[in-house]
Amino acid sequence: METILKVENLKKFFPIKKGVFRTTAGRVHAVDDVSFTVKKGETLGIVGETGCGKTTLGRTILQLYKPTHGTVRFEDRIISDMKRRELLPYRRNFQMIFQDPFESLNSMHTVGYILEEPFIIHKIDNKQQRIKNVKSLLDRVGLQKNAMEKYPHEFSGGQRQRIGIARSIALNPKMIVCDEPVSALDVSIQSQILNLLMDLQNDLDLTYIFISHDLTVVRHVSDRVAVMYLGRIVEMAGADEIYTKPLHPYTKALISAIPRHSTASNIERIILKGNVPSPVNPPSGCYFHPRCPIAQEICREKYPEFKNYSLNQSEHMTSCHMAGK
């Protein structure tokens with residue numbers, strides 16, 4: 001499969017301003033030297049604890065945040081150095097589904113206008129054709145055509161997320177970043193939205209970056225999974241392999257916390273000690289070493305190389321000095 005997205009050494013730091021003169025007193029290392037590729041048509045899941053940088057990574061990829069360093073290449077073009085006007089024609093190719101469907105929809109506008117707006121911005125079709133497009137979008141995501149005249153507050157959470165999904169596919173994008181798309185929904189509705197997303201992927205040949213803290217959901221929808229900790233990817237592999245044969249101690253702890261249906265499961269729960277270090281002042285060496293149960297002296301001194309430990313044709317990347325030992 002061809003590569004649709006290539007991220008190289010991506011960093012996003014947010015300055016901390018203090019005092020009357022708003023001088024920079026430090027920086028939040030939200031995304032700290034992340035590199036990966038995504039193949040056309042696949043789903044890459046990104047997991048990690050709250051605050052690990054998942055959402056910032058997604059928004060920086062889509063240039064909602066400009067990167068501090070590094071490059072983002074979409075298909076054959078580097079988009080991270082584009083200016084706003086230059087980037088506009090490319091935005092129709094990559095979209096985002098936000099976590100909170102109520103916050104992401106303008107409460108002052110009808111659903112009809114919300115779904116028509118992308119066509120207006122990109123100057124696509126006349127008014128009559130745009131209305132037809134909106135009705136088609138509503139039908140595709142399982143909503144009635146009379147939804148056009150209603151406002152976001154008149155819908156349930158699941159219905160609002162369907163509207164958000166309809167907006168994201170309006171311009172026939174090639175890639176969508178799904179930022180916790182089901183975490184704000186009832187469990188009974190989550191499976192419906194996940195099934196809708198997978199159906200759309202098959203029908204429209206979409207590529208997904210699926211961000212979530214729910215490891216069970218990520219395994220269900222993903223081809224590959226990347227695990228983030230304190231702004232960095234610490235492990236990446238095929239979904240089944242990373243869940244059955246995790247290499248990084250942090251990944252092992254996350255996997256051990258997944259609820260098991262059987263009380264006879266032989267997976268022992270790993271309880272990590274301490275708290276996640278501050279992204280303002282990350283630890284020396286491996287960022288995970290203050291909480292790692294197998295940390296050695298080298299872990300405190302040097303950040304481990306992110307390399308392949310797979311024994312077969314597939315890639316199983318991790319950054320851990322103790323991996324394979």
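**View 1. Eight strands line up in an open sheet.** In this predicted model, the strands follow the order S6-S7-S8-S3-S9-S10-S12-S11, and their pairing is mixed. Look for the two edges: strand S6 (94-97) and strand S11 (307-308) each pair on one side only.

**View 2. Strands S3 and S9 run side by side in the parallel sense.** Here you can follow S3 along residues 43-47 and S9 along residues 224-229, joined over four bridges. Which residue of S9 is the bridge partner of Leu44? That partner is Arg224.

**View 3. Helices H6 and H9 pack on the sheet.** Helix H6, made of residues 187-204, touches S3, S6 and strand S8 (207-211). The direction of H6 makes about 155° with that of S8. Helix H9, made of residues 249-256, touches S9 and strand S10 (232-238). For H9, the angle with the direction of S9 is about 110°.

**View 4. Helix H3 packs against helix H5.** Two packed helices are described by the angle between their axes and the distance between the axes. For H3 (residues 111-121) and H5 (residues 157-168), the angle is about 25° and the axes are 9 Å apart. Angles under 35 degrees count as roughly parallel, so H3 and H5 are roughly parallel to each other. H3 passes H5 in a right-handed crossing.

**View 5. Side by side, H3 and H5 share a contact.** From H3 come Val111, Ile114, Leu115 and Pro118, which meet Ile163, Ala166 and Arg167 of H5. What kinds of residues make up this contact of H3 with H5? Six are nonpolar, one is charged and none is polar.

Technical notes: Residues are numbered from 1 along each chain as its sequence is written. This is a predicted model: local features need pLDDT of at least 70, side-chain atom pairs count only at pLDDT 80 or more; totals for chains, interfaces and linings use all residues. Side-chain values use heavy atoms; hydrogens and water are left out. Two strands pair if DSSP finds at least two bridges between them. Contact means heavy atoms within 4.5 Å. Axes are lines fitted to C-alpha atoms, for helices over the stretch in contact, and angles run from 0 to 180 degrees between N-to-C directions. Angles under 35 degrees count as roughly parallel, over 145 as roughly antiparallel, 65 to 115 as roughly perpendicular and the rest as oblique. A crossing is left-handed if the near helix is turned anticlockwise from the far one by less than a right angle, and right-handed if clockwise. Ala, Val, Leu, Ile, Met, Phe, Trp, Tyr, Cys and Pro count as nonpolar, Asp, Glu, Lys and Arg as charged, and the others, Gly among them, as polar.
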